Amino acid sequence: MRVQSSATTASRIAVATERHRPGLGALQAALGVVAFSLTFPATAWGLEGFGPWSLVAVRSVLAAVIAGAALLALRVPLPARRHWSGLAVVAAGVVLGFPLLTTLALEASTTAHAAVVVGLLPLTTALVSALRVGTRPSRTFWAAALAGAAAVLAFTVQQSGGALSTADVYLFAALLVCAAGYTEGGRLARVMPGWHVIGWALVLCLPLTVPVAAFALTQEPVHLTPHSVTGLLWVAAGSQFLGLVVWYRGMAAVGIPKASQLQLAQPLLTLVWSVLLLGEHLTVAAPLTAAAVLVCIAVTQRARG
């Protein structure tokens with residue numbers, strides 16, 4: 001009992017430290033965005049050797065093994081019962097829903113087209129946050145957020161030709177479930193360390209992801225290549241665990257709406273990685289859009305509400 005009490009006290013101190021270092025929090029959120037920007041290219045690599053269900057299930061299992069090992073090594077106590085429903089939302093939205101829906105979309109879509117979803121994610125997250133936790137950003141914040149989202153959306157749609165397909169249905173659904181997971185995770189990260197949030201959410205999914213991974217691997221072809229293995233390892237360790245650890249820590253420090261606006265830069269970073277890693281073509285509109293997005297990010301970071 002004393003050990004659990006000490007661990008709980010340590011968690012509270014860690015959370016308090018995160019919340020009182022907004023500069024570090026913004027940096028952590030930005031590192032999370034960089035990690036997330038590599039997700040789509042890494043997923044495209046992974047799909048070269050794995051089926052969509054195998055890729056999503058195996059990445060979740062691997063990430064859960066990493067998270068579970070860290071939780072056990074540090075003797076982190078189980079979350080309070082009142083937090084498990086929130087962790088279930090994080091698991092459904094961030095661990096399962098978003099990876100599966102975007103992976104299915106990437107089977108028929110380019111990474112540039114898929115970037116539409118992350119272009120709209122900051123605005124959607126801010127909206128869900130306002131409804132869920134009662135945040136009320138200022139009018140300046142909303143104006144800058146809408147402008148940034150519009151710029152990113154226009155750019156990514158123009159890059160993909162503006163065509164609507166079944167992949168778009170997956171992407172818009174992914175947008176909604178991820179915004180819910182981010183919001184709930186950001187709320188929980190204010191009462192427990194951010195890495196505990198994603199760690200327990202990943203472990204919570206193991207009873208589902210382990211049998212799904214085992215079944216999917218027998219039903220979908222597997223071709224191990226340097227690309228497919230690298231892609232799998234990145235989406236598991238980088239995107240699914242480490243990226244979310246720094247992301248939730250950042251949201252706890254600077255707030256959900258402001259942290260979410262840093263993701264306005266994510267589609268542009270994804271397009272850069274797509275050129276470097278996948279050989280996709282990037283038009284001259286990218287620098288102009290990047291400048292507009294950076295201005296919007298600066299405004300939202302300064303806006304109060």
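**View 1. Y170 is a partly exposed tyrosine of helix α8****.** Y170 has a relative accessible area of 30%, which makes this tyrosine partly exposed. The model shown here, as in every view, is predicted. Y170 sits in helix α8. Y182 follows 12 residues along the chain from Y170. The C-alpha atoms of the two tyrosines are separated by 18 Å.

**View 2. R187 and E184 form a salt bridge in helix α8****.** The count of salt bridges in the structure comes to one. The closest N and O atoms of R187 and E184 are 2.6 Å apart. Both residues belong to helix α8, which spans residues 166-188. They are three residues apart, so about one helical turn separates them. E184 counts as buried, at 6% relative accessibility. R187 is partly exposed, with a relative accessible area of 25%.

**View 3. W84 and W200 pair edge-to-face****.** The structure holds five aromatic pairs, and W84 with W200 is one of them. Their ring centres lie 6.2 Å apart. The angle between the planes is 70°. W84 lies in helix α5, residues 84-106. W200 lies in helix α9, residues 194-219. The pair therefore ties together parts that are 116 residues apart in sequence. W84 is partly exposed, at a relative accessible area of 26%. W200 counts as buried, at 9% relative accessibility.

**View 4. F141 and W142 form an edge-to-face pair****.** The centre-to-centre distance between these rings is 5.9 Å. Their planes stand at 90°. F141 counts as buried, with 2% relative accessibility.

**View 5. Three aromatic residues make one cluster****.** The members are F36, Y182 and W247. Y182 also appears in View 1, where its C-alpha atom is 18 Å from that of Y170.

**View 6. Six residues form a nonpolar patch on the surface****.** The patch consists of L62, L217, V222, L224, V229 and L233. Together they have about 480 Å² of accessible area. L217 is placed in helix α9, the helix that also holds W200. L217 is partly exposed, with a relative accessible area of 37%.

**View 7. T111 contacts S274 through side chains****.** What kind of contact joins the side chains of T111 and S274? It is a polar contact, at 2.6 Å. T111 is in helix α6, which covers residues 111-133. T111 counts as buried, at 2% relative accessibility.

**View 8. C178 is in no disulfide****.** A disulfide is a covalent bond between the sulfur atoms of two cysteines. The number of disulfides in this structure comes to zero. For C178, the nearest cysteine sulfur is that of C205, 14 Å away. The cut-off for a disulfide is a sulfur pair within 2.5 Å. C178 is buried, with a relative accessible area of 2%. C296 counts as buried too, at 10% relative accessibility.

Note on methods:
Residues numbered from 1 in each chain as written. Predicted model: local features only at pLDDT ≥ 70, side-chain atom pairs only at ≥ 80, totals over all residues. Heavy atoms only, no water. Phe/Tyr/Trp six-rings, centres within 6.5 Å; stacked < 30°, edge-to-face > 60°. Helix = DSSP H or I, 4+ residues; strand = E, 2+ residues; numbered from the N terminus. Buried < 20%, exposed > 50% of the residue type's maximum accessible area, 1.4 Å probe, protein only. Patch = residues over 30% accessible without salt bridge, like charges linked within 9 Å, V, L, I, M, F, W, Y side chains within 5 Å. Areas by Shrake-Rupley, 256 points an atom, 1.4 Å probe, with all protein chains shown as cover. Salt bridge = Lys/Arg side-chain N within 4 Å of Asp/Glu carboxyl O. Polar contact = N/O pair within 3.5 Å; in protein donor to acceptor, adjacent residues only side chain to side chain.
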